[in-house]
Amino acid sequence: MFKKLSYKITMLLLLISIAALSCSKSNSGTDTSSIPPVIIPPVVNTNSDVSSWLTSSDRSSLLKKETTALTFSTTANSYPIINVDSTQSYQQVDGFGYTLTQGSAYVINQMTTSLKTALLNELFGSTDNSIGISYLRIGIGATDLSSTVFSYDDMPVGQTDLLLTNFSINADNDVVSLLKEILLINPSLKIIAVPWSAPVWMKDNNSTIGGNLNTAYYDVYAKYFVKYIQAMQVQGITINAITPQNEPLNPNNNPSLSMTAAQQADFIKNNLGPAFTAASITTKIITYDHNCDRPDYPLAVLNDAAANAYVDGSAFHLYAGDISALSQLHTAFPTKNVYFTEQYTASSGSFAVDLAWHLKNVIIGSMRNWSKVALEWNLANDPSFGPHTPGGCTTCLGALTINSSAGTTRNVGYYIVAHASKFVPAGSTRISSDNSGTFTTAAFLRPDGKKVLIVLNEGSTTQSFNLKFKNKWVTPSIPGGSVATYTW
C-alpha cells in the first residue's frame with residue numbers, strides 16, 4: 001500500500017514539474033533558458049510503435065515529442081501513402097550542423113561557465129535534452145561574421161612572408177578554445193574549414209575585399225593550408241575537409257577572394273593537392289562552395305583529370321539556383337561526394353516561411369539530392385546580429401541569439417537543423433521514401449537499426465497520411481506548414 005501511494009505521489013510531482021516547465025515558455029514560443037523545455041520528454045503512451053516530434057508553423061509546438069500513440073496496422077483508409085523502403089539505400093550521411101563563425105564563438109564564450117556548459121551539452125550531446133549536432137563549418141582566418149578582418153599571416157603593407165615564419169592561429173583563440181570544449185562532448189564531430197580570403201599580401205589587389213590570388217603565391221598559399229591543418233591538429237582538432245575558397249564567384253564580401261574554376265583547378269592540381277600529399281595530410285579537398293546556379297564550376301574542376309585526382313567532391317549553397325544541381329554533379333561523377341554547406345535565415349524573415357523553405361530545400365532537398373551534410377549558416381550572434389566585419393552580413397540571424405541579460409533565444413535555424421541532427425547521427429544512410437500529397441520527405445536508416453522519417457506538410461491545413469513500412473502503416477497528422485520527425 002505504501003509503495004502504491006509513494007508511486008502516485010511521485011507521478012503527481014512529475015506532472016506538476018512538467019506543467020511548470022511548459023509554462024516557462026514565452027508567448028511567442030521562443031524559450032530563453034539554457035535547455036529548452038520543448039525537448040523534455042513528456043509522458044508518452046508506451047504502446048506506440050512510432051515516436052514523433054513536431055515543430056508547428058505557429059510555434060505552438062517546438063521540437064515537441066507527441067503523446068498520441070502510433071501503432072502499425074493494416075486497416076485501410078484513403079489518406080496519402082508515404083512508403084519507406086530500407087532495402088533501397090543511397091548516400092551515407094556525415095552530419096548536420098552550422099558554421100561556427102568567430103562571432104558565434106565569441107558570444108558563446110561570453111556566457112557564464114554553467115550556462116555555456118549547459119548550452120554546449122544541449123547542442124552537441126547525445127542525451128534526450130540534446131540536439132546532437134555532428135558537423136561544423138569554420139573559417140580559415142576571418143569570416144564576414146568576425147569582429148575584425150584577419151588572416152593567420154598578416155604583414156605590413158609592402159612586405160611578404162614567403163616562408164610563413166609569422167604564421168599563427170592565435171587570432172582564432174575563441175574558435176579554438178570553444179572547439180576543444182565541444183570535442184570533449186562529441187569527440188566524433190566532423191569539421192570542414194574554409195577561407196574567406198588569402199592573406200592580403202598574396203592577392204593582386206592588396207585588399208581584403210575581392211581580388212585574385214597572385215599566381216606567384218600559389219605554392220606558398222598551399223603551404224598555408226598545410227600549416228593551418230597541422231596547427232589545429234596540435235590543438236587536438238582534426239580538420240576533416242577544406243574547400244579552397246568560400247563563394248569564389250562573390251568578390252563583394254569582406255573578406256572575400258575571386259577564384260575562377262580554371263584557377264581553382266590549377267591551384268588544386270599543381271599546388272594544394274601535391275602539398276597535402278607531401279605533408280601526409282589526409283584532409284579532404286572539396287571544390288566550389290557556392291550557389292546551385294553554377295554547377296558548371298565544379299564540373300569544370302572535376303573534368304580536369306589532374307585536379308579530379310585530389311578532389312573528394314563539391315560543396316553548394318542555395319542563394320541562387322535549384323537544389324537539384326547536387327544530383328547533376330552526382331550523376332556526372334557518381335564516385336565524388338556532394339555537400340550542402342551554407343544557407344542563412346534573415347532577421348527580417350518569417351518563422352513559418354523559413355521553417356518550410358529550409359526543411360524542403362536545405363534538409364530534405366539536399367539529402368534527396370545525395371548530399372552528405374546539411375549545414376545552416378551562423379550558429380549564434382548577439383541581439384544586434386553581430387559581431388560582423390565592416391561590410392559583413394548585418395541581417396544574418398543565428399540559430400541562437402545570445403543575450404547576456406535576457407538569456408538564449410532559439411531561432412528558426414535551431415529547429416530546422418534539430419529535426420535532422422537530433423535523430424539522424426553520422427553514419428546513417430538515406431533510404432527510400434515517397435513524396436505524396438502535400439508531404440515532402442527524407443528517410444534514413446541509423447547505425448543502431450532504427451528508421452527515421454522527416455516529413456514536411458507543405459499544405460496550409462492539417463493533413464493525415466499513412467507512414468507505411470513493410471506493408472503496415474501508422475496514420476499521423478501534421479498541421480499545415482509544419483514539420484515532424486518519426487522514429488521506429
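The following dialogue works through several features of this predicted model, from helices to salt bridges.

Q: How many residues does helix α6 have, and what distance does the helix reach from its first C-alpha to its last?

A: Helix length is judged by comparing the end-to-end distance with the one expected at 1.5 Å a residue. Helix α6, residues 261-278, has 18 residues and reaches 24 Å, close to the expected 26 Å. The helix also contains a kink of about 50°, centred on Ile268. Just after α6, Ser280 adopts a positive phi of about 55°.

Q: What span should the 17 residues of α5 have, and what separates the end C-alpha atoms?

A: At 1.5 Å a residue the expected span of α5 is 24 Å, and its end C-alpha atoms lie 25 Å apart, which agrees. A positive phi of about 85° occurs at Gly236, just after α5.

Q: Which residues of α6 are buried, and what do they pack against?

A: A residue is called buried when its relative accessible area is under 20%. In α6 the buried residues include Ala261, Gln264, Ala265, Phe267 and Ile268. Further along the helix, Asn271, Leu272, Gly273, Ala275 and Phe276 are buried as well. The partners of these buried residues include α5 (218-234), β8 (284-291) and β9 (311-317).

Q: Why do residues three or four places apart in a helix point the same way?

A: An α-helix has 3.6 residues a turn, so residues at that spacing point the same way.

Q: Which residues of α5 are buried, and what covers them?

A: Among the buried residues of α5 are Tyr218, Tyr221, Ala222, Phe225, Tyr228, Ile229 and Met232. Their cover includes β5 (135-140), α4 (173-185), β6 (190-195), β7 and α6.

Q: How many residues of helix α11 are buried?

A: In α11, residues 412-421, 10 of the 10 residues are buried, so the helix is largely enclosed by the rest of the structure. Polar side chains are part of this list, including His419 and Ser421, alongside Tyr414, Tyr415 and Ile416.

Q: Which residues touch the most other members of the largest nonpolar core?

A: A nonpolar core is traced through buried residues joined by side-chain atoms within 4.5 Å. The largest core here has 110 residues, and Leu179 and Tyr228 touch the most other members. Helix α5 gives the most to this core, with 11 residues. Leaving aside neighbours within four places in sequence, Tyr228 is in contact with Ile138, Gly139, Ile140, Tyr152, Phe167, Ile169, Ala193 and Ile239. Apart from the largest core lies another, of 19 residues, with Ile82, Ala443, Phe469 and Tyr486 among them.

Q: How many salt bridges are there, and which parts does the pair Asp94 and Lys372 tie together?

A: A salt bridge is assigned when a side-chain nitrogen of Lys or Arg lies within 4 Å of a carboxyl oxygen of Asp or Glu. The count comes to 10 salt bridges. One of them joins Asp94 and Lys372, at 3.7 Å from N to O. Asp94 lies in the loop between β3 and β4 and Lys372 in strand β12, so the pair ties together parts 278 residues apart in sequence. Both Asp94 and Lys372 are buried.

Q: Where do Arg137 and Glu342 lie?

A: Arg137 lies in strand β5 and Glu342 in strand β10, so their pairing links parts that are 205 residues apart in sequence. Their closest N and O atoms are 2.9 Å apart, and both residues are buried.

Q: Are Lys223 and Asp219 buried or partly exposed?

A: Lys223 is partly exposed, with a relative accessible area of 43%, and Asp219 is partly exposed at 39%. Their side chains meet in a salt bridge of 3.3 Å, N to O. The two residues are 4 apart in helix α5, which means a separation of about one helical turn. Elsewhere, salt bridges that share partners join Arg137, Asp289 and Glu342 into one network.

Technical notes: Residues are numbered from 1 along each chain as its sequence is written. This is a predicted model: local features need pLDDT of at least 70, side-chain atom pairs count only at pLDDT 80 or more; totals for chains, interfaces and linings use all residues. Side-chain values use heavy atoms; hydrogens and water are left out. The bend at a residue is the angle between axes fitted to the seven residues ending there and the seven starting there. Buried means under 20% relative accessible area, exposed over 50%, partly exposed in between (1.4 Å probe, protein chains only). Contact means heavy atoms within 4.5 Å.
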